[in-house]
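This report covers selected local features of one protein model. Please keep the sequence and the coordinates at hand.

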Amino acid sequence: MNIDRAIGKIISINGPVIKASGIVKSRMNEQVEVGPEKLIGEIIELDNKIATIQVYELTTGLTPGMDVYCLQHPLSVELGPGLMSNIYDGIQRPLKVIAKKTGAFIDKGVSVEPLDRNKKWHFIPKNKNGDKVNPLHIFGTVKETKVIEHRLMIPDGIYGQIIEIADQGEYNVDEVVCKIDTGDSIKELTMVQRWPIRQPRPIKSRIKANVPLITGQRIIDFFFPIPKGGASAIPGGFGTGKTITQHQLAKWSDADIIVYIGCGERGNEMTQVLEEFPKLKDPRNNLPLMERTILIANTSNMPVTAREASIYTGITLAEYYRDMGYNIALMADSTSRWAEALREIAGRLEEMPAEEGFPAYLASRLAEFYERAGKAEIIIGRQGSITVIGAVSPPGGDFSEPVTQHTKRFTRAFWALDKELASRRHFPAINWNDSYSEYINDLKEQLDKKSGNWYELRKNTMNILKEEEQLQRIVKLVGPDALPDNQRLILEIADLIKKAFLQQNAFHNIDSFCPMKKQVKMMELIMDFYYQAKDVIQTGIPVMSVMEMDIVDEIVRMKTQIPNDKLEQIDELRERIKESLKSVQYRYR
């Protein structure tokens with residue numbers, strides 16, 4: 001590919017948006033290099049011989065008359081061994097390699113290969129000469145990390161017969177490991193392929209997502225679950241815990257692979273991720289969590305256009321591993337910063353603004369992103385999924401703003417973070433009255449199979465929380481003492497549910513993760529206590545005499561005191577509750 005010949009000249013510069021003349025053979029979304037430093041850019045508009053280009057690096061120093069070079073392919077990512085455990089910026093430049101090359105700051109125009117060209121991978125062929133192959137057929141594997149097997153696939157559009165495949169051994173990503181006769185030509189395959197980030201990768205069909213993604217977060221798994229292949233939003237104002245919640249989901253969810261996109265977040269928050277994740281141990285195998293994680297770091301002080309591209313870079317990497325048959329959990333933090341990048345670029349393009357200055361195509365761009373989530377059959381006999389969890393940062397916590405409202409249209413789970421809960425130090429600050437999951441019926445069978453009676457237990461618990469919300473309106477007018485004891489018990493049990501179940505300490509070695517079986521047993525115990533207390537109160541015993549028992553404190557502490565692998569202690573606690581209630585009844589005889 002010849003990129004030494006200039007194909008155009010810069011005629012105007014407006015921040016990251018430039019116009020170039022003399023563009024005659026280029027296409028929309030084609031990748032270009034701009035100026036003597038070869039800054040990476042993408043054509044976003046063509047008008048006769050004038051091309052509008054958004055540049056993914058700082059454009060300071062560019063002047064009209066400088067050259068623009070065409071790369072003759074869309075803005076793409078490289079796919080192959082070496083993606084896992086890596087940290088990239090929004091346009092797939094490996095930050096660790098750049099740091100060694102340029103120091104703490106990224107120099108303009110720095111060019112670094114996304115995949116290590118020198119590292120040797122142990123290739124194991126899965127086919128032999130003469131085998132017929134189709135797109136996405138796995139022809140070989142390499143051990144990418146200790147926990148991830150990288151499955152090398154036939155690129156899209158290639159059909160034919162293998163005429164030569166490499167023996168088992170050590171190869172780098174650029175060495176030819178397979179040759180295919182397509183009938184028209186011989187295709188030489190290496191371990192690396194490219195894919196345009198704005199184009200979804202093909203699948204055979206979509207299938208129903210009905211297997212729960214277990215996150216270990218009680219309010220999510222028990223009340224508002226999401227399947228592998230689902231899409232959810234976490235909206236919340238500043239300080240409500242969006243980033244910590246996504247960190248928890250990335251650490252503990254039972255997905256095979258995590259893709260974490262830090263899109264436009266503050267540098268200190270992203271630094272925390274980059275420092276913390278490599279030290280985390282995977283609860284499934286006690287190996288570093290980075291063994292199955294890809295991080296994309298694009299902070300708020302990086303070029304705004306690269307922030308816009310980072311979302312597509314992340315979802316394309318997720319699709320690649322989904323095609324291998326893995327279940328991927330993708331965290332986007334935050335889609336509001338991505339939408340702000342769209343707004344800034346649209347303003348520089350002098351496009352007509354819509355609601356709150358966002359471009360008119362905001363909704364369609366959000367739809368394009370969230371619709372790339374889902375569970376899919378890749379080829380016959382192979383399935384994979386991408387679960388997308390996008391944080392939304394509405395200004396002032398206003399959920400009526402455009403990004404939140406449009407996101408609700410394209411996601412089926414909504415975990416609304418509440419500023420008031422956060423100010424009371426109730427974390428995760430997900431409001432159980434404003435949140436919802438439309439996946440309940442899809443997951444009912446699987447979750448009941450895992451835990452016995454989850455569906456009925458959840459319904460009864462939600463009824464208590466809803467009744468408590470209604471009673472609180474009365475309490476604000478007349479006070480709790482005006483309520484009969486059975487209604488006061490509802491208030492007390494709802495408060496117990498909040499303290500003992502809904503609150504969860506992300507930094508506690510036991511409470512940080514709660515398995516589904518423990519969640520159900522905890523809630524069964526709380527509901528058993530409620531029913532027994534209700535019977536006791538009906539005999540005339542005051543409600544506060546019941547709620548002031550020492551055993552109630554034990555119920556609150558069971559989330560931190562009872563280890564996840566010693567659930568029989570919950571049954572022992574249930575027996576002590578019975579004895580405590582009997583003793584209260586005995587005192588009032």
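The text below treats a strand and its partners, a helix pair, one further helix and one serine.

The model is predicted, so local features require pLDDT of at least 70 and side-chain atom pairs count only at pLDDT 80 or more, whereas totals for chains, interfaces and linings use all residues. Residues are numbered from 1 along each chain as its sequence is written, and side-chain values use heavy atoms, with hydrogens and water left out.

**Strand β22**

Helices (H or I, at least four residues) and strands (E, at least two) are DSSP runs numbered from the N terminus. In strand β22, which spans residues 327-333, 6 of the 7 residues are buried; buried stands for under 20% relative accessible area, exposed for over 50%, and partly exposed for what lies in between, with a 1.4 Å probe and protein chains only. Two strands pair if DSSP finds at least two bridges between them. The pairings of β22 are listed here.

| Partner strand | Bridges with β22 | Direction | Residue pair |
|---|---|---|---|
| β20 (residues 257-263) | 6 bridges | parallel | I258 opposite A329 |
| β24 (residues 382-392) | 6 bridges | parallel | I386 with I328 |

In a regular strand, side chains alternate between the two faces of the sheet.

**Helices α12 and α13**

Helix α12 (residues 485-502) packs against helix α13 (residues 516-537) at about 160°, and their axes are 11 Å apart. The axes are lines fitted to C-alpha atoms over the stretch in contact, and angles run from 0 to 180 degrees between N-to-C directions. The two helices are therefore roughly antiparallel, a term for angles over 145 degrees. Contact means heavy atoms within 4.5 Å. Residues of α12 that meet α13 include L489, I493 and L496, and the α13 side includes M522, I526 and F529. By class, this contact has 14 nonpolar, 1 polar and 2 charged residues. Ala, Val, Leu, Ile, Met, Phe, Trp, Tyr, Cys and Pro count as nonpolar, Asp, Glu, Lys and Arg as charged, and the others, Gly among them, as polar.

**Helix α10**

Helix α10 covers residues 440-451, and its buried residues are I440, D442, L443, L447, D448 and S451. Among the elements that cover them are α2 (218-223), β26 (436-437), α11 (454-478) and α13. After α10 comes G452, with a positive phi near 100°.

**Residue S580**

S580 belongs to helix α16 (residues 568-587). Its relative accessibility is 18%, so S580 counts as buried. Leaving aside residues up to four places away in sequence, S580 touches M549 and I551.

Definitions and conventions. Parallel < 35°, antiparallel > 145°, perpendicular 65-115°, else oblique.
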